[in-house]
Structures are given as structure tokens and as C-alpha cells.
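Student: I would like a close look at one single part of this model, followed by whatever helps to place that part in its wider setting. Please take it step by step.

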Amino acid sequence: MPRRRNQPHDVFKVIDMCGGDRTKCWPFKGELNDKGLPYFQVAGKKHVVYRLVYVLVRDDIPDSAVLRHTCDNGADPGRRRGWVCCNPWHLEPGTHEQNMQDMRDRDRHGMPAHVVRAIRKLGEQGRKQEDIAELYGISRQAVGDIINGVTHEHVD
Ligand SMILES: [Zn+2]
């Protein structure tokens, strides 16, 4: 018997909808690709999971628009976090420039001071930056910048 092909609404099987609670983040349960994006295949075509969910639940996405996460759990290429929010109510269409600015803002403000201190401490103890990066799911560059005070210089 041929394997049944995915239908668009099957995408809801790969996310945790939290009982449909719009206020909560709905994590993608599968594995992210190397760009940190959640993909789902429908009829041989790959879709970004949260874009598909947005179209199914809310509206078409204008051609030139990207979807911006209004929560802090969007896809983030250098970060490879374990999951990405796919709640369509946490998404707004915007321009690519706005999206890049969102990411920069999150990088600047997104890390709690106690994490910054912990990373610096591990650095002082001689732990490899690669290991620290792995531990916190951020890039080695980001770890180096924190340890050298290039970023988060306000945290003492
Ligand atoms: Zn969210």
C-alpha cells in the first residue's frame, strides 16, 4: 500500500498546539534544519512550518512579506535552539529588514544577565568556547563576544 501523502493540515501533528491556547508558544516538535528552520513536506514540496500554519489558520502571506515572531521564540540561524514557535497568533507579516532588526534586538537584549555571568565564569575556568556554545545553543562567536565584553558589556 502506498504511503499516504501529507495533507497541509497534517502540519498540526508536528507542532504542540497547547490545546489551542493562543497566548502560549506552540513548539515545533520535529528536527530543525541547519538554518534553524522547521520544515514540513506536503505533496513533495517543503514548507516552513509556521508559514503553513499561518496560512491555514489566519491569512495569505503577501508575496514580499516575511513572518515576524512577536514572541521571542522565532527561528534564529546562529542559535540552533531546540524548537521554534509555530503559533500563528505570535506571527505578523513584515519586511525582511524588520525581521533582521528583530533578530538584532533579540541578540542584544535576549540573554538574561545570569546567563551572561555564567558564560563568563565558564570562560574564566578555561572551558572551550565551542563547549559553552553547545551548552547554551548559541554560536561560538556569540560566546567569544560575551566573554570578551564585546556584547553585554553592561553586565558585570
Ligand atoms: Zn510564540
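Tutor: In this predicted model, let us start from Thr-151, whose relative accessible area of 28% makes the residue partly exposed, because that class lies between the limit of under 20% for buried and that of over 50% for exposed. Along the chain, Thr-151 sits in the segment that comes after helix 5 (140–147). Leaving aside residues up to four places away in sequence, Thr-151 is in contact with Arg-120, Ala-142, Asp-145 and Ile-146. A further relation concerns Val-116, which is separated from Thr-151 by 35 residues in sequence, while the C-alpha to C-alpha separation in space is 9.5 Å.

For the wider setting, consider the nonpolar cores. The largest one holds 21 residues, of which Ile-15, Val-49 and Tyr-50 touch the most other members; two or more residues come from each of strand 1 (39–42) and helix 1 (49–57), and helix 1 supplies the largest share, 5 residues. Apart from this core lies another, of 11 residues, including Met-111, Ile-119, Leu-122 and Val-155.

There is also a zinc ion, with protein donors Cys-25 (SG), Cys-71 (SG), Cys-85 (SG) and His-90 (ND1) at 2.1 to 2.4 Å. The arrangement is tetrahedral because the 4 donor atoms subtend angles of 102 to 112° around the zinc ion. Along the chain, these donors follow the spacing C-x45-C-x13-C-x4-H. Cys-71 and His-90, 19 residues apart, both lie in the loop between strand 3 (66–69) and strand 4 (91–94), and both are buried.

Notes. Residues numbered from 1 in each chain as written. Predicted model: local features only at pLDDT ≥ 70, side-chain atom pairs only at ≥ 80, totals over all residues. Heavy atoms only, no water. Core = buried A, V, L, I, M, F, W, Y, C linked by side-chain atoms within 4.5 Å. Buried < 20%, exposed > 50% of the residue type's maximum accessible area, 1.4 Å probe, protein only. Helix = DSSP H or I, 4+ residues; strand = E, 2+ residues; numbered from the N terminus. Contact = heavy atoms within 4.5 Å. Donors = N, O, S within 2.8 Å, 3.2 Å for Na, K, Ca; no water. Tetrahedral: all angles 85-135°; square planar, octahedral: opposite > 155°, others 65-115°.
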